[in-house]
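User: Hi! I'd like a close look at a single part of this model, with its surroundings worked in. Here it is.

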Amino acid sequence: MSAVDHPEPQHAIRERFGFWRRSYAMLIKEFIQLKRDRVSFAMIVMLPVMQLLLFGYAINTTPHNLPSAVLLQEDSDLARSILKALENTAYFRFLYEVHDVEDFDNLLKSGKVLFGVEIPRGFERAVRRSDKPALLVAADATDPVAASAAIGSLGMVVQTALKHDLYIGDPPEMPFEIRAHARYNPAAASSLNIVPGLVGTILTMTMLIFTALSVTREVERGTMESLLSMPIKPVEVMFGKIIPYVLVGFVQAFLIIGIGVGLFGVPVLGNLFLLALLSTLFITTNLAIGYTISTLVQNQLQAMQMSMMFFLPSILLSGFMFPFAGMPAWAQYVGECLPLTHYLRIVRAIMLKGASMQNLRFDALALAVLMLLAMTIAVTRFRRTLD
């Protein structure tokens, strides 16, 4: 007896088509919602484009034209030939010429230059007499990646410098030697570079996110309206939101530095009070930027997305992951507008070089300007939101 095929019930057909109809309706609804959420849509487009452009154009792991200074104690043809030979390696770019050892050391401590070349008095005379004098090259090794390739290029300088000055062709023997001295991190330990940088990187990430989410959370829950009904000014709201997180930032910085010193042997050669003071300035700057972000977004998701949008170029263009001096000029200009760039110079200079406020005044002033600018924008935006 053959089985008789029964037609599919009508309610099953309606259910199957209903499933696809409802799924299609939800699909359209999500696209409409995404179109309305312009901030999220912009992040979807901008994040991959930004990463591609930064990694493609700004990041360079073999930096060239590194800022350098020369302590020139004699002005001779041979000395000028040596400087020209150093520049021809494409690793050195001489920006300063000093005649005092203190100025020479201050340029390295402040981070204005990564290399210093000392040509001693009577150098050419000693070379001609075959006394084999020494040429000192001091390198700021707080960034081992930037220093290593340039130091490795010094071997070819002797032949290049002497080819047209003393000999035709290569000299029979090296008439002088080059002594490369890696300052502040002679062993090229990566921990001495990374741990101080982590202080600024972690503070940037947490301070931005904490503040941005704190304000938008008040708006989403409706408690901001109750807060604004009180006799309180926008600037007072901002300071009330910022000050608790300054203390949180101190705790984070203390933990990172303490672990770095205890476990990784990172030294703290400078003034701890100066480090705490400038860390407060940096923390406040990031909190003001986070507060500004909270006035531009409508919910916590957008606040998180915009915070990451700011954090990504900060870690790529500040000198934390890649040598700052090796970036193209436009990327360095962008990096100078980021608080993390200046704080990395400050924290590394204080911890590893023992730098003073005199050495760090440019970066401290830059942080103060960025903080005032961010606070002004935040208060202005907040008042506009109230109107």
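In which loop is the place of lysine 132?

Analyst: Happy to walk through this with you; please keep in mind that the model is predicted. Lysine 132 sits in the loop that runs between helix H5 (123-128) and S4. Its backbone deserves a look: phi is positive, about 55 degrees, although the residue is not a glycine. Most residues other than glycine have a negative phi. Lysine 132 counts as partly exposed because its relative accessibility is 45%, between the limits of 20% and 50%.

Following the chain onward from that loop brings us to strand S4 (residues 134-140). Five of the seven residues of S4 are buried, so this strand is largely enclosed by the rest of the structure. Strands pair with S4 as follows. Strand S3 (residues 115-119) is joined to S4 by four bridges, and the two run antiparallel; here valine 117 stands opposite valine 137 of S4. Strand S5 (residues 177-183) is joined to S4 by seven bridges, this time in a parallel arrangement, and leucine 136 stands opposite arginine 179 of S5.

S3 itself is mostly covered, with four of its five residues buried. It also pairs with strand S1 (residues 66-72), in the parallel sense and over five bridges; phenylalanine 115 in S3 is the bridge partner of serine 68. In a regular strand the side chains alternate between the two faces of the sheet.

At S5 there is another backbone feature to set beside lysine 132. Tyrosine 184 lies in the loop between S5 and H8, and its phi is near 70 degrees, again a positive value in a residue other than glycine. Tyrosine 184 has a relative accessible area of 18%, so it is buried, the cut-off being under 20%.

Now for the wider setting. The chain holds 15 helices and five strands, and 47% of its 387 residues count as buried. Among contacts with a separation of 6 or more, 79% are between residues 24 or more positions apart.

Turning to the nonpolar interior, the largest core has 53 residues, and Leu278 and Leu360 have the most contacts inside it. Two or more residues each come from helix H8 (190-221), helix H10 (234-264), helix H11 (272-296), helix H12 (300-317), H14 and H15. H11 provides the largest share, 11 residues. Leaving aside neighbours within four places in sequence, leucine 360 is in contact with Leu274, Leu278, Arg345, Ile346, Ala349, Ile350 and Ala355. A second, separate core of 26 residues includes Val117, the S3 residue met above, along with Tyr91, Phe176 and Ala325. In soluble globular proteins, nonpolar side chains tend to be buried together.

Finally, the largest pocket has a volume of about 970 Å³. Its lining comprises 41 residues, with Pro67, Gly111, Lys112, Phe324 and Arg345 nearest the centre; Arg345 is also one of the contacts of leucine 360. By type, the lining divides into 17 nonpolar, 13 polar and 11 charged residues. Strand S2 (92-98), helix H4 (101-110), helix H13 (329-336), helix H14 (339-353) and helix H15 (357-386) each supply at least two of the lining residues.

Key. Residues are numbered from 1 along each chain as its sequence is written. This is a predicted model: local features need pLDDT of at least 70, side-chain atom pairs count only at pLDDT 80 or more; totals for chains, interfaces and linings use all residues. Side-chain values use heavy atoms; hydrogens and water are left out. Buried means under 20% relative accessible area, exposed over 50%, partly exposed in between (1.4 Å probe, protein chains only). Two strands pair if DSSP finds at least two bridges between them. On a 1 Å grid over the protein atoms alone, a cavity is a set of points where a 1.4 Å probe fits but cannot get out, and a pocket is an open set with protein on both sides within 12 Å along at least five of seven lines; lining residues have an atom within 4 Å of a point. Grid points are joined across faces, edges and corners, and a volume is the space filled by probe spheres set on the points. Ala, Val, Leu, Ile, Met, Phe, Trp, Tyr, Cys and Pro count as nonpolar, Asp, Glu, Lys and Arg as charged, and the others, Gly among them, as polar. A nonpolar core is a set of buried Ala, Val, Leu, Ile, Met, Phe, Trp, Tyr and Cys residues joined through side-chain atoms within 4.5 Å. Contact means heavy atoms within 4.5 Å.
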